[in-house]
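The following note sets out, point by point, what can be read from the chain under review. Please consult the sequence and the model alongside it.

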Amino acid sequence: MTTPSSELRAFFDHHIWATSKLMDPLETLGSETLDSSVPGTYGSILATLTHLVFADDRYLTRLTTTDVPEFVDPGSKPLSELRPMMREIGERWTQMLDALDAGTLHARIVDREDMDDLDHAEGLLLLQAIHHGNDHRTQICSTLGALGLDVPDLDGWAYWETLR
């Protein structure tokens, strides 16, 4: 049976699947390629992937506390560190969605210079995590394509096919 919760979970399941699937071809690339970037993207392939994974960690932290440490750019982390982090992040997203279903998830965003304090910020944080992941995966794929490399199919159609 389709429920709002199952549909929201599908978005996050895709988010984790697509990021993990993107890591597969990156493991075959040398450091010179992983350090490549093209204009209009966040940065190098590895710096962008690192940013994506660490941002998910921050969104998850924001969902549970208003005491979020100041952002420190992690630079580029090795894939061997990012892949297990993404698995753990997937488990944490499941826990957050469980809390949302139970009615116990309550996020507040406070003390940001760029926005007013916001109570009940769960929807914003969930939306931003999905958008942010799609945006940066696309940038990595654009860089791969610009370098003449194969680009993995990460869209919803490909994800749905893997569920069969």
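**Notes on the predicted chain**

1. Contacts between distant parts of the sequence. Of the contacts in the chain with a separation of 6 or more, 73% are between residues 24 or more positions apart; a contact means heavy atoms within 4.5 Å.

2. Basis of the values. The model is predicted, and local features need pLDDT of at least 70, side-chain atom pairs count only at pLDDT 80 or more, and totals for chains, interfaces and linings use all residues. Numbering runs from 1 along each chain as its sequence is written, and side-chain values use heavy atoms, with hydrogens and water left out.

3. Secondary structure. The chain holds 6 helices and 2 strands, in the order α-α-α-α-β-β-α-α from the N terminus. Both kinds of element are DSSP runs numbered from the N terminus: helices are H or I with at least four residues, strands are E with at least two.

4. Overall dimensions. The chain has a radius of gyration of 16 Å, which agrees with the value near 15 Å for a compact globule of 164 residues. That radius is taken over C-alpha atoms, and the globule rule is 2.2 Å times the number of residues to the power 0.38. Along the principal axes, the C-alpha atoms fill a box of roughly 45 × 45 × 25 Å.

5. Surface and burial. The accessible surface comes to about 9300 Å², and carbon and sulfur atoms contribute 52% of it; the areas come from the Shrake-Rupley method with a 1.4 Å probe. Of the 164 residues, 44% count as buried. Buried means under 20% relative accessible area, exposed means over 50%, and partly exposed lies in between (1.4 Å probe, protein chains only).

6. Charges. The chain carries 12 positive and 28 negative charges, whose mean positions are 3 Å apart. Lys and Arg count as positive and Asp and Glu as negative, while His and the chain ends are not counted. Each charge is placed at NZ of Lys, CZ of Arg, CG of Asp or CD of Glu.

7. Helix 3. This helix covers residues 45-64 and has 20 residues; from its first C-alpha to its last it reaches 30 Å, close to the 28 Å expected at 1.5 Å a residue. The expected span is 1.5 Å times one less than the number of residues. Helix 3 is mostly covered, with 16 of its 20 residues buried.

8. Helix 4. The end C-alpha atoms of helix 4 are 34 Å apart, in agreement with the 34 Å that its 24 residues should span. Its buried residues include Arg83, Arg92 and Trp93, along with Met85, Met86 and Met96. The buried residues of helix 4 pack against helix 1, helix 3 and helix 5. Just after helix 4, glycine 103 takes a positive phi of about 80°.

9. Histidine 15. This residue belongs to helix 1, residues 4-26, and is buried, with a relative accessible area of 0%. Leaving aside residues up to four places away in sequence, histidine 15 touches Leu52, Asp56, Met86, Trp93, Ala129, Ile130, Gly133 and Arg137.

10. Histidine 131. Is histidine 131 buried, exposed or partly exposed? Its relative accessible area is 46%, so it counts as partly exposed. Histidine 131 is found in helix 5, residues 122-146. Its C-alpha atom is separated by 9.5 Å from that of histidine 15, although the two are 116 residues apart along the chain.

11. Leucine 105. The loop between helix 4 (79-102) and strand 1 contains leucine 105, which is buried at a relative accessible area of 11%. Not counting residues up to four places away in sequence, leucine 105 touches Leu63, Met96, Ala99, Leu100 and Glu122. Leucine 105 and glycine 133 are 28 residues apart in sequence and 21 Å apart in space, C-alpha to C-alpha.

12. Residues with positive phi that are not glycine. Aspartate 111 has a positive phi of about 60° and is found in the loop between strand 1 (108-109) and strand 2 (118-119); at 70% relative accessibility it counts as exposed. Histidine 120 has a positive phi of about 55° and is found in the loop between strand 2 and helix 5. Histidine 120 is exposed, with a relative accessible area of 54%.

13. Proline 78. This residue lies in the loop between helix 3 and helix 4 and is partly exposed at 41% relative accessibility. The C-alpha atoms of proline 78 and glutamate 27 are separated by 9.6 Å, with their positions 51 residues apart along the chain.
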